[in-house]
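Hello,

Here is the structure I promised to pass on. Please open it beside this note and follow along.

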Amino acid sequence: MTHGSARRRTVDVEGIARVEGEGSLHIDVHDGVVADVSLSIFEPPRFFEALLVGRRAAETPDITARICGICPVAYQMSACAAIEDACGTTVSEGIWDLRRLLYCGEWIESHALHIYLLHAPDFLGCADAVELAEHDRAVVERGLALKRTGNLVMETVGGRAIHPVNVRVGGFYSAPDPAAVAALAEPLRRALDAALATVEWVSGFDFPDFQADHRFVALHHPDRYPIESGRVGSSDGLDVSASGFADLVVEEHVARSTALHARLEGGLDYLTGPMARYALNAGRLPGVARQAAAAAGLGPVCTNPFKSIVVRAVELVFACHEALRLVEAYEPPDPPAAAVLPRAGEGTGATEAPRGLLFHRYRIDADGVIETARIVPPTSQNQRAIEADLRRVAQGSLDLPDDALAWRCEQAVRNHDPCISCAAHFLDVTVDR
Amino acid sequence: MSPTDPARRVVVAGMGNEYRRDDGAGPAVAGRVAARLEAVVDLGPLADPLDLLGRWDDADLAVVVDAVRTGAPPGTVAVVDLDEVAGRPVAGAPVTSSHGIGLDRVLRLARAVGNGPRRVLVVGVEGDDFGDGLGLTPAVARAVDDAARRVAELIEEDR
């Protein structure tokens with residue numbers, strides 16, 4: 001929808017397509033200059049934080065899993081890590097490996113969904129995945145098969161794919177049967193091949209020439225690509241524990257949104273997610289993923305957000321390879337969960353959701369009842385970086401007609417796979433110019 | 001053929017979020033249906049129609065239950081056959097939906113890759129309050145049993 005005079009024009013798009021959930025995007029252009037950009041989202045984590053107070057710490061994985069249908073494991077894992085931190089619980093390596101396997105399932109499912117059904121149509125001139133499927137059925141079938149494999153991993157380890165029920169603070173209610181885990185190997189081998197084909201496919205897309213100079217923030221780990229644990233690092237040298245990072249993150253309330261916008265102390269914006277993880281951890285990818293990245297022309301750092309689809313595809317290779325490694329090494333952890341003894345205190349847990357860093361912090365009393373809860377999802381951390389991209393993309397595209405400009409701006413949002421379904425329900429785009 | 005015929009695959013999916021008050025109507029009805037009819041597989045609760053992909057594959061009948069807001073009295077139950085409305089705007093369509101890709105597009109996608117369900121029935125339960133919070137409003141809560149009974153009848157009638 002378009003409004004406006006010569007000096008000022010307004011474009012409304014009812015709902016940004018292919019972004020998980022709802023929100024709205026407003027771009028204000030005066031005299032040919034982008035004056036203001038705001039991405040507004042509604043954020044249920046705020047509601048969940050209030051809901052959690054007074055509940056038992058053991059309930060956090062089940063309750064917070066319901067924040068998001070796309071990345072429930074991320075919420076469960078960060079919740080468990082935070083409560084275990086508060087209680088001083090040590091979890092065995094076998095349990096951590098099983099968590100990592102479950103999380104790989106979520107990465108595979110989420111990345112396949114975003115690459116094939118939400119992001120790729122942008123580059124192929126297709127309105128959406130339906131048009132893509134009608135144009136190239138085989139490629140969409142490959143994406144759906146990848147997604148199914150991710151679901152299968154989540155069902156096998158987590159009991160079910162949406163809102164897994166086998167996760168508890170300390171570990172799992174029961175360790176999956178070794179035969180069931182072994183049966184994942186064959187689908188994962190096929191998924192690895194499909195993931196490699198995915199990298200090759202997306203690396204051939206035409207990408208707008210665009211560079212963004214974001215401060216990258218991601219978990220890092222001395223000897224593996226980060227998913228379920230690690231310290232928090234940044235492209236400008238930060239190296240802190242999850243707790244130290246939570247101390248640095250300042251959330252500001254923004255009037256136009258129920259979401260809080262996160263910044264680092266001192267007002268520094270930052271970006272989490274695949275581009276950040278890759279920039280800080282590319283050297284810890286397995287050889288097969290490194291080779292795929294090199295063949296796709298990715299250097300050690302990717303600074304073009306439109307190419308995030310290539311990084312996501314490389315992470316898909318990694319997740320399939322890592323899941324296969326964990327499946328082949330699997331021994332049921334015994335016991336399947338560590339005993340968690342409540343004590344008064346505070347704990348922080350940070351893990352890498354497919355979309356980026358997600359951290360939880362809880363204060364609990366001596367009986368294990370939650371006194372305060374803080375949940376900071378990747379999308380609220382990325383919001384300022386997404387707006388910075390939008391500002392530059394919009395400024396560079398003002399010669400486009402309204403529809404094309406709105407479309408380009410939607411693409412700039414989709415580059416970061418924002419999970420607004422954690423949130424709310426429609427994304428309206430408004431351009432005033 | 002009965003609902004328990006093992007050769008016939010019937011799935012039911014509740015769309016919605018029980019932490020958004022009446023948005024939880026879909027999962028509540030779907031759960032009730034699955035409890036009544038053992039052979040019916042409950043896929044939900046689902047947050048997004050895309051979650052149906054891979055789960056409703058090759059079903060003879062998929063019943064998708066979602067909260068809607070059409071202006072009818074809260075608790076009103078309406079049924080549409082998705083093939084009869086797909087591709088065109090539906091008067092009083094289910095606008096209160098949290099979902100980026102519409103159900104009809106997801107069905108088209110599933111069929112484009114050859115494994116969509118034979119028939120999809122959409123059961124809308126008129127909601128009242130979609131704000132943050134737990135629990136259905138009284139009129140919607142009272143409608144859950146009726147809606148579940150209606151779905152069971154639809155499953156029985158579909159041959």
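Two residues are in contact if their C-beta atoms, placed from the backbone, lie within 7 Å. Keep that in mind for the helix that packs on strands below. One caution: this is a predicted model.

**Helix 3 and the strands**

Helix 3 of chain A covers residues 72-87. It lies across strand 13 and strand 14 of chain A. Relative to strand 13 of chain A, helix 3 of chain A runs at about 150°.

**The sheet**

Strands 13 and 14 of chain A belong to an open sheet of three strands. The order is 13-14-15, and the pairing is antiparallel. Strand 13 (345-353) and strand 15 (370-376) of chain A are the edges, each pairing on one side only. From one strand to the next, the twist averages 10°.

Look next at strand 14 of chain A, residues 356-364. Six bridges join it to strand 15 of chain A in the antiparallel sense. Which residue stands opposite His360(A) in strand 15 of chain A? That is Ile375(A).

**A helix pair**

Now turn to helix 4 (residues 93-123) and helix 12 (residues 308-328) of chain A. Their axes come within 9 Å and cross at roughly 150°. Angles over 145 degrees count as roughly antiparallel, so helix 4 of chain A and helix 12 of chain A are roughly antiparallel to each other. Helix 4 of chain A passes helix 12 of chain A in a left-handed crossing. The contact between these two helices has 15 nonpolar, four polar and five charged residues.

Best wishes

Note on methods. Residues are numbered from 1 along each chain as its sequence is written. Chains are lettered from A and ligands numbered from 1 in the order in which they are written. This is a predicted model: local features need pLDDT of at least 70, side-chain atom pairs count only at pLDDT 80 or more; totals for chains, interfaces and linings use all residues. Axes are lines fitted to C-alpha atoms, for helices over the stretch in contact, and angles run from 0 to 180 degrees between N-to-C directions. Helices (H or I, at least four residues) and strands (E, at least two) are DSSP runs, numbered from the N terminus. Angles under 35 degrees count as roughly parallel, over 145 as roughly antiparallel, 65 to 115 as roughly perpendicular and the rest as oblique. A crossing is left-handed if the near helix is turned anticlockwise from the far one by less than a right angle, and right-handed if clockwise. Ala, Val, Leu, Ile, Met, Phe, Trp, Tyr, Cys and Pro count as nonpolar, Asp, Glu, Lys and Arg as charged, and the others, Gly among them, as polar. Two strands pair if DSSP finds at least two bridges between them.
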